[in-house]
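Q: Could you take a close look at one part for me and walk me through what sits around it?

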Amino acid sequence: MVDREAVAELVRNIKKQALEERDMLINALHQIQNHFGNYIPVEAAKVVAEELEVPESKVYEVLTFYTMFSTKPRGKYIIRVCVNLPCHVTGGRQIVETLKKTLGIDFDQTTKDGLFTLERTSCLGLCGVAPVIMVNDEYYGDLTPKKVKEIIENLRARGDAR
Amino acid sequence: MPLTTSTILICAGGACISSGETSVKEALQREIKKYGLDEVVRIVETGCMGACSLGPIMVIYPEGVFYQKLTPQAAVKIVQEHLLKGRIVQEHLYKMPTGEVIPEAMDKLPFFAKQVKIATRNVGYIDPGNIEEYIARDGYFALTKALREMTPDQVVEEIKRSGLRGRGGAGFPTGLKWELTRKAKGDRKYVVCNADEGDPGAFMDRSVLEGDPHTVLEAMAIAGYAIGAQQGYIYVRAEYPLAIERLETAIAQAKEYGFLGQNILDSDFSFDIEIRIGAGAFVCGEETALIASIEGKRGQPRVKPPYPAQSGVWGCPTVINNVETFACVPPIIIKGAEWFRSIGTPNSPGTKVFALAGKITNTGLVEVPMGITLRELLYEIGGGSSTGKKIKAVQTGGPSGGCIPAEYFETPVDYESLQKLGAIMGSGGMIVMDEDDCMVDVAKFFLEFTVDESCGKCTPCREGTRQMLKILDKITSGEGTEEDLEELERLGNIIKDTSLCGLGQTAPNPVLSTLRYYRHEYEAHVKEKRCPALRCKALVRYVIDSSKCVGCTACARVCPVNAISGELRKVHSIDNDVCIRCGSCIEVCRFGAISKVSP
Ligand SMILES: Cc1cc2nc3c(=O)[nH]c(=O)nc-3n(C[C@H](O)[C@H](O)[C@H](O)COP(=O)(O)O)c2cc1C
Ligand code: SF4
Ligand code: SF4
Ligand code: FES
Ligand code: FES
């Protein structure tokens, strides 16, 4: 169940901080996504529309345009793998294959245990240590298939502990 | 015990963090404390020092000793040996390919010595979290000078005379942009910093934001003064959490010190900056899309004119500049336009930061005078190929740019020369490719990117690029025809001419430029069904050399689809109808008996 009051409170807080009233939508969505872990429940989006007094359709329009927002719950760890050329020419293809195989999922899917979601991203600005992945807010570079497997094992161990 | 005071600069740029900077720093801190050195040794975490492939790295001053590829164990040893006993730890010094070790690598290595730093002058030298360190290196001096000694018109004039051109891709003269916005009618005006850096292979903006955030704030305030704005926005990608964090800290500090806020430095100029966070859409880097996104809408470009200078954020006149462009502003105000013009070329004054990526030895960031040749940049500074194979081409300008073959490496790097070659400066990403890279595959790769990132607003970009991708798919799977090559050119030119925004207008460039220089590769794919670089899976076969195979069975055991047959100690063979070209067998064969061939 979505705690409508908590969401409304978040939005009101943002309203207080911002200088401009009109541009808060994306900001609000980021914060709500963080609040729910890593997705925006449809109901929360409705509250945002009410609080900001914009049509619901506008909220969905924005929500669906930006790839960082999701309306589906995602895994505890979101693994974003860089699929741009500098990572590609330095072995990124194998990294993608290893991730898919080790996790047993394709892009934009979540593992059954709810731990991992695999997503694509464009350049993370770490091409100096390509190929690169980002797990939630952490970066891992200079990857090899072996390193990728280790990272996932470590995360699994961490994830299960809780 | 030699009680000299030391300062350790440890790189806390994104790449070094990813290679373990945090644990190295913690080990340093622990050990320094253990020996009671915390009073005399200072650790400073800086932004990217540029040599990302060597990370984690640090420099110990006053000696200027450069340590690379650090580990927590190395940190312990460096404290015990270097700091306590004054002995340099050899194993972590930089080694030249000749084997020579260079302790003062920062001053002596060609990688560093050939650089001229303007935009990144502080990155890697100061603690980005400490405004005092920025001030100590002339920080906010340019703002003070502008407010106290210059009129807004004089500021605009100085930037105009400097010849500074936008570093975000298009190279538009910055002074002119400021002048247009200054003259545009409107009570409210805005300054926007474009920090949406999305070009694959470019990470200079990230490095400035993370390593020297105050320079961006200072320059934005100067721009605000020049055009008459009171409000600025920095639009940062959500993928750059560290940059966002450092910017937030910097804004708070600048307010505290009175460099932002009401009546800055007791003048009647007031200016504030807010951060806006993107949400993963490449097209938002385009200025009109970015403005739409700041306004909380879908980030789709609109037709220009009107340009942002007339109608930007909330329909008000707006200056929008790239991070690196802004980073050049304070030094120009302090040292003057003539000084800036004395560096670089007449049409492209100053320096440019390049991000070296791909198959090059020294990946990382370098800032060099405009007009340097590609050869100097890629070989003398970049150290040449990292794979031992010949460099085949360099791709500049990301998905809007093109490939430049090695034959043209004497070309000077400036806006016009690159354009003549069918490439562009773009934001400064340089992706190096060697003989193992297939140019058709590269072109296809970029097109996949554009198809993904097209915002869908206009048909040529949305449908045309899809059409081109389909053809490239056909060619790489061995079903292409010669007519397809002509169709690619035809489509490419239409998309260029009829798309609404820069994304569509430049999307065909990677295809057109590779068709221009590597037509023979395309032809090999369509006429002989051959991929010369052995990249395109459908066009390669795996074979076992019977004279080298000893029958160890390693390949047969690793093959996921049982495509390899043969008995122990007898020559093996691969059934290419079954083989999925995963490459595992090549990796495990210790006798080098397996290779790829095409066709
Ligand atoms: C598809 C597309 C993406 C762009 N991405 C960026 C970007 O990430 N960063 C940037 O500074 N400029 C980007 N630009 C260029 C901006 O539209 C604009 O020209 C620039 O921010 C102006 O600043 P400058 O004059 O300082 O370069 C992009 C343009 C297009 C068409
Ligand atoms: S050219 Fe492409 S990205 Fe630009 S507006 Fe048209 S569809 Fe959108
Ligand atoms: S490339 Fe992969 S599928 Fe083909 S033979 Fe070798 S191991 Fe088997
Ligand atoms: S291309 Fe992967 S981090 Fe830049
Ligand atoms: S991040 Fe440390 S050198 Fe680039």
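A: Sure, let's start inside chain B: 14 residues of its domain 2 are in contact with 15 residues of domain 3 of chain B, where contact means that the C-beta atoms, placed from the backbone, lie within 7 Å. On the domain 2 side of chain B, that patch has five charged, five polar and four nonpolar residues. (Nonpolar covers Ala, Val, Leu, Ile, Met, Phe, Trp, Tyr, Cys and Pro; charged covers Asp, Glu, Lys and Arg; the others, Gly among them, are polar.) The centres of these two domains of chain B, taken over C-alpha atoms, are 27 Å apart. Domain 2 of chain B runs over 131-340 and domain 3 over 351-434, with bounds from an automatic or database domain assignment.

Keep in mind that this is a predicted model: local features need pLDDT of at least 70, side-chain atom pairs count only at pLDDT 80 or more, and totals for chains, interfaces and linings use all residues. Residues are numbered from 1 along each chain as its sequence is written, while chains are lettered from A and ligands numbered from 1 in the order in which they are written. Chain B has a mean pLDDT (the predictor's confidence in each residue, from 0 to 100) of 93, with 99% of its residues at 70 or more.

Now for the partner chain: 46 residues of chain B are in contact with 36 residues of chain A. The chain B side of that meeting splits into 21 nonpolar, 16 polar and nine charged residues. For the complex, the predictor gives an ipTM of 0.78 and a pTM of 0.89.

Methods: Two residues are in contact if their C-beta atoms, placed from the backbone, lie within 7 Å.
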